[in-house]
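Here are my notes on the model you sent over. Have it open next to you while you read; the points go from the overall fold down to single residues.

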Amino acid sequence: MQATAYTYDPETRSGQVLLDDGTPVPFDDAAFTAGGLRLLRPGQRVRIETEGQGDALRITLVTLQTL
């Protein structure tokens with residue numbers, strides 16, 4: 001699934017992405033670390049992996065979108 005980076009806090013290594021429908025979804029340090037990223041800037045397109053649905057949707061991986 002693709003999304004757009006919305007917020008990122010380098011101290012906690014957590015933030016939020018916006019899904020293509022505009023829904024914000026938070027991610028934690030574990031999801032950020034799993035993607036091997038060092039930095040994330042708002043507006044970057046990212047690829048995410050999730051589990052759960054609706055209010056229980058949880059991001060398990062955040063990485064940069066590549067073509």
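1. The protein has one helix and five strands, and from the N terminus on the order is β-β-β-α-β-β. Helices here are DSSP runs of H or I with at least four residues, strands are E runs of at least two, and both are numbered from the N terminus.

2. Before you lean on details: this is a predicted model, in which local features need pLDDT of at least 70 and side-chain atom pairs count only at pLDDT 80 or more, while totals for chains, interfaces and linings use all residues. Residues are numbered from 1 along each chain as its sequence is written, and side-chain values use heavy atoms, with hydrogens and water left out.

3. Overall dimensions next. The radius of gyration of the protein is 11 Å, close to the 11 Å from the globule rule for 67 residues, so the protein is as compact as a globular protein of that length. (The radius is taken over C-alpha atoms, and the rule is 2.2 Å times the number of residues to the power 0.38.) Along its principal axes, the C-alpha trace spans about 30 × 25 × 20 Å.

4. On the surface side, the protein exposes about 4300 Å², and carbon and sulfur atoms supply 50% of that; areas are Shrake-Rupley with a 1.4 Å probe, and for residues only the protein chains shown count as cover. Buried residues, meaning those under 20% relative accessible area (exposed is over 50%, partly exposed in between; 1.4 Å probe, protein chains only), make up 27% of the 67 residues.

5. Charges: there are 6 positive and 9 negative side chains, with the centres of the two sets 10 Å apart. Lys and Arg count as positive, Asp and Glu as negative, and His and the chain ends are not counted. Each charge is placed at NZ of Lys, CZ of Arg, CG of Asp or CD of Glu.

6. The largest nonpolar core has 15 residues, and V17, F27, L40, V46, I48, I59 and V62 have the most contacts inside it. Such a core is a set of buried Ala, Val, Leu, Ile, Met, Phe, Trp, Tyr and Cys residues joined through side-chain atoms within 4.5 Å. Two or more residues each come from β1 (2-9), β2 (14-19), β3 (24-27), α1, β4 and β5 (58-64); the largest share, three residues, is from β1.

7. Zoom in on V62, in strand β5. V62 counts as buried because its relative accessibility is 0%. Beyond neighbours within four places in sequence, V62 is in contact (heavy atoms within 4.5 Å) with F27, A31, F32, G35, L37, L40, V46, R47 and I48. L40, with the same exclusion of residues up to four places away, touches A5, Y8, F27, F32, V46, V62 and L64.

8. A31 is in helix α1 and is buried, at 1% relative accessible area. Leaving aside residues within four places, its contacts are I59, T60, L61 and V62.

9. Buried or exposed: which is T63, in strand β5? Buried, because its relative accessible area is 17%. T63 touches G35, L37, V46 and R47, not counting residues up to four places away.

10. For contrast, look at G36, in the loop between α1 (29-34) and β4 (45-51). G36 is exposed, with a relative accessible area of 59%.
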